[in-house]
Amino acid sequence: MTRSEPAPPRVAVVSCVRDVVAREEGRSLEEMIFETSHRALAAAGLTAADVGGVVLSGNDQTDGRVISCMTSAGPAGGVGRDVTMIASSGEHALVYSWLRLRSGQGETVLVVGWGKPSESVSPEHAELVSAEPYVLRAVGMNDTIAAALQASRWAAPGAPPAADDVVAWPLTAADLPARADCVYAAVLAVESAVPAGASTGPAWIRGAGWSTDRYEPGARDPAAQAALHAALAHLDRGDDPVPAASWEAVEIAAPSEPAVAHAASALGLPAGTPVNASGSLRDAPAPAHVAGLARLLAAATTVSEGRAGVAAGIGFNGFAGQGATVMVFGRDAVSGGDAVSGRDTVAGRDAA
Amino acid sequence: MTSAVEPRFYTQTWDLSYRHALGDTTSRFLAGLAEQRILGRRCPSCERVIVPARSFCDRDHTATSDWVEVATAGVVEMFTIVHEAFRGLPDPPYALAYATLDGADTALVGYVRGLDLTDLPSAVASLAVGNRVRVAFSDTPTGTAADYWFEPA
């Protein structure tokens, strides 16, 4: 006999705030986390006491901390409730939070992701530790060099070298992400717990997919962006797939602008679909660890501000885009819309 | 009531040391460099020859089975010529490439020497994806991946 299982609850981003400063020297990281978390909760009409769980994500190697959830739980409002830290990448914290609520573990989650690279004397130096310690570390690898290696696969034969501002051929400074000190915080809630007092309306999470490719760039073709295609296939296996052809806006965090362009071109988007309307990698700075979370939440904001009915965020992580995550947000909770819609109460939040 | 103060900072440097166990496979790979040999391992499932040698194939989640010596020449898969200084890396400019050596199925990373990097167009043309390079070895091996590099073939 087959027992009928209840459908997983629908989940929405009900508030989303960010604190982005080129170089924050007047506040500690924990103060930034506290202020941003507090504002995200307030925007949802909640306090820390109302939240069912807290999910954190930071890049401890560049921030100069270790197992930083120990010191960050307090400023994030996590004392007295379950706190989990996701080390792989900031966007995975959002995915984990979504899964947590879909599985019935609570009704609300506060997600907080951060990076404060200004506290590292040399963030690129810290990135060297990301190379495996057997062969690659003796050579040396950082995000910029890995991005350039990937981009060389796309450089046309005979293409003229970049101008004087070349950082690592074929990439110039304009092609590469800029860093900033950032904290992003969002509150997720299940349908029955979308707070009535929220100053922002819900951006419903319509689905997500994520995947990881092989670590070594030499063991894969970084130009193929296979992790993205696997993530899209994962997304398609969801219970309410939203094909890219129906996305009205896309936000992409990638190792370089050529990587953004190739990812966008692979999606099969309708002509004219805005890509990275929130800014180029240079103009919307974020350290790599939190860049994906930033773009996913930018897509959610695009929906919550009414600029698109359906928007997707894409984040790559790891050297030359080893991993990829896709999350789709909708003004309506399901295809075609139904009784659940935040259209009338939507407003964006942006503290930058 | 307290008055505002200038931001204060606490500068710290941690001198942490690690001693990573390389395992048998990587140890043999690095020992091969001192003999001017590039060694790979074959995956029994996909039959790819993985270079640098790994004890497992992460595509098939299978233990590799056989040692394979590959050629010391191959083709460039990707490359860059770095012009910005990064702490902990060589003074720029320098070139870095991944090349698939003849007989291998994955690409090996290494610096590229023997190029005039002050002539960027010429250096880029020499390293174009698909061009051939050869492996050169240090006369004074250190037992690390710094014991080899690529040169245009």
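The following dialogue concerns a predicted model with chains A and B.

Reader: Which helices and strands should I expect when tracing chain A, and how many of each are there?

Author: An inventory of elements is a useful start. Chain A holds ten helices and eleven strands.

Reader: What is the corresponding inventory for chain B, and in what order do its elements run?

Author: Chain B has two helices and ten strands. Read from the N terminus, the order is α-β-β-β-β-β-β-β-β-α-β-β.

Reader: How should I read the radius of gyration of chain A?

Author: The value is set against that expected for a compact globule of equal length. For the 352 residues of chain A that expectation is near 20 Å, and chain A has 20 Å, so the two agree. Along the principal axes, the C-alpha atoms of chain A fill a box of roughly 55 × 45 × 45 Å.

Reader: What does the comparison give for chain B?

Author: A compact globule of 153 residues would have a radius of gyration near 15 Å, whereas chain B has 20 Å. The C-alpha trace of chain B spans about 75 × 40 × 30 Å along its principal axes.

Reader: What share of each chain counts as buried?

Author: Here a residue is buried when its relative accessible area is under 20%. In chain A, 58% of the 352 residues are buried. In chain B, the share is 42% of 153 residues.

Reader: What area does each chain expose, and what part of it comes from carbon and sulfur atoms?

Author: Chain A exposes about 13000 Å², of which carbon and sulfur atoms supply 53%. For chain B the exposed area is about 8600 Å², with 49% from those atoms.

Reader: How should I read contacts between residues at least 6 apart in sequence?

Author: One asks what share of them join residues at least 24 apart. In chain A that share is 76%; in chain B it is 48%.

Reader: How are the charges placed in each chain?

Author: One may compare the centres of the positive and negative sets. Chain A carries 24 positive and 38 negative side chains, with the two centres 3 Å apart. Chain B has 13 positive and 19 negative charges, and their mean positions lie 6 Å apart.

Reader: Which domain does UniProt list for chain B, and where?

Author: An unreviewed UniProt entry lists "domain: ChsH2 C-terminal OB-fold" for residues 67–137 of chain B. In the model, this span is 10% helix and 46% strand, and its end C-alpha atoms lie 20 Å apart.

Conventions. Residues numbered from 1 in each chain as written. Chains lettered and ligands numbered in written order. Predicted model: local features only at pLDDT ≥ 70, side-chain atom pairs only at ≥ 80, totals over all residues. Heavy atoms only, no water. Helix = DSSP H or I, 4+ residues; strand = E, 2+ residues; numbered from the N terminus. Rg over C-alpha atoms; globule rule 2.2 N^0.38 Å. Buried < 20%, exposed > 50% of the residue type's maximum accessible area, 1.4 Å probe, protein only. Contact = heavy atoms within 4.5 Å. Areas by Shrake-Rupley, 256 points an atom, 1.4 Å probe, with all protein chains shown as cover. Lys, Arg positive; Asp, Glu negative; His and termini not counted. Charge placed at Lys NZ, Arg CZ, Asp CG, Glu CD. UniProt positions renumbered as here; feature names shortened; annotations may be inferred.
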